[in-house]
Amino acid sequence: MRAGKRLFTLALAACLTLTGILQGTPVRSKAAKATKQTDEYADNSYAEYFEKTMNQQLIACLSGSDGTKAKIESTSGSGFKSTIEFTFKYSKISGLNPNQILNYIEEAINDNPNFCTLSTATSTRWVSDKVYVKVKSVLKATKSTHATAIRKYKNFLANIEYIPREAKKMSDREILLYLHDRLIQQARYSLDTGNNAVFIPYTMCDTANVVCQSYAAVLNHLMRDLGFTSYAVWSTSHAWNVVKLDGVWTNIDATWDDPVKRYYDYVMHDYFLCPLSAFKDSHDLSVFMKARFPGLATSATNDFGVLPKTNKVEVPVCYRTGVWFYAKGGRVYRWDGTSAAGTVESAIPQDANRCVNVLNHTVFVGGSDGLYTYSVEDGTLKKIADNIKVEGLLYFDRTLYYRTGSSWNKIVTYESSATYESLNGTSNAEKYKLVKPGKPTIVAKKSSSKSIRVAVSKAAKNANAGYQVQISTDSSFKNKKSKTISGTRVNIVGLTAGRTYYVRVRGIWKSRYFKKYGKWSKIKKG
């Protein structure tokens, strides 16, 4: 993955506390949504199978399902703390080798926020009609640890998504620009590629120290949530994004627009909606990618000449209710999102260090002359901090910072009222509510010297999927045989005459791919 990035350390010391400036604004509607695009790569049986199967098994695991589910186990070495094992049907993936399986798992991680805690370090085990794949994670091996991390990550996505969701007239290009610039301000390219945490999406909302693999996955999650047809793609050493816009494929490389040895508020747009030719020979799709997306290397060559790129704007372009602002050459410019040029905001005087950013509908302006808020409606500046030199403004983790030299100082933090579920519904919820059946009452009697008839005399509450019957020659059920029945009666045959058998029954609740067993009945001897 692409090496090199900023070498500065973000100082999170709070320098100013501004009260009353920002007020929570509720999410009114899911207004901005990408134009629906045809996805010629959507119907891939392998990709669909891996993503769907992993998602079902992970949700079942975190929910406590008793059916087929992922298994979280402890591990050690190379910075990994756990593995999550997924089970696949051999008949579904028999045509793949382990490296191809890994690539499809990586695609699933890039497509589904539920997999934000997973890395692309895997091991594969083939047993009979099953294929077991262990995927490593840097998180502790507990369900609660992973569930909490997933929730945190998805609410991090929501805090970026809520402004485009709220905006009623954002074009597709404007939405992509907003996601691109917000993401780059959040990210910190890591030079420590020996730390496996830098490769996973979750780290973006944790330490923010990541590499291109995480940039591409997080941006893909954001774009897909907002309705875009997009993918994270990769060469042998780098990852970036392709997105369909106006019916054609184009490229976004947020990593390359976030260069090394620059301040955190430095945001390039050279690789935003650009052709592959912009990268020369560095973005040659891997062998797997070429097979997975035939023709993409030649079709994703479209260049969209939006203002931040054509005018070489190298700071965040900030959105405030239908208007964009950016700083260049000591002036603040207003832009409508479509014109070839912005217009100088004449009410804001020129200053060598002039900068601008937006947090929760409030426009902040900085410079050698201090820190201001700016009213878009009446064009007035209000000084909120004097005797400070502001050389940059940065959005990071729902907080606005100002820079003096290489030191960053907190201005104000705002938590939006949006949650991932409120913006995207519950289809990607990481937990499902299960119902545990009650305890049944049974009767067990020998029907012959080699058979026992078992009947449920009192049904188990919520046992909507029948019952599990177990029989054993010892009361501890160490050597047992199990049978699932859909009704309330079964005749167990083929037993050894003259031996004593023990029987117990429990109810089964099932919904979709989730399953929950109830308490065992009292043991009956026959």
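## Exercises on pockets and cysteines

By class, 5 nonpolar, 6 polar and 8 charged residues make up the lining of the second largest pocket, where Ala, Val, Leu, Ile, Met, Phe, Trp, Tyr, Cys and Pro count as nonpolar, Asp, Glu, Lys and Arg as charged, and the others, Gly among them, as polar. This is a predicted model, in which local features need pLDDT of at least 70 and side-chain atom pairs count only at pLDDT 80 or more, while totals for chains, interfaces and linings use all residues. Residues are numbered from 1 along each chain as its sequence is written, and side-chain values use heavy atoms, with hydrogens and water left out.

**Exercise 1.** State how many disulfides the structure holds, and account for cysteine 205 and cysteine 318.

*Solution.* Step one: a disulfide is a pair of cysteine sulfur atoms within 2.5 Å, and the structure holds 0 of them. Step two: the closest cysteine sulfur to that of cysteine 205 belongs to cysteine 116 and lies 6.8 Å away, so the two are too far apart for a bond. Step three: for cysteine 318, the closest cysteine sulfur is in cysteine 355 at 9.8 Å, which is likewise too far for a bond.

**Exercise 2.** Determine whether cysteine 205 and cysteine 318 are buried or exposed.

*Solution.* Step one: buried means under 20% relative accessible area, exposed over 50%, and partly exposed in between (1.4 Å probe, protein chains only). Step two: cysteine 205, with a relative accessible area of 7%, is buried. Step three: cysteine 318 also counts as buried, at 3% relative accessibility.
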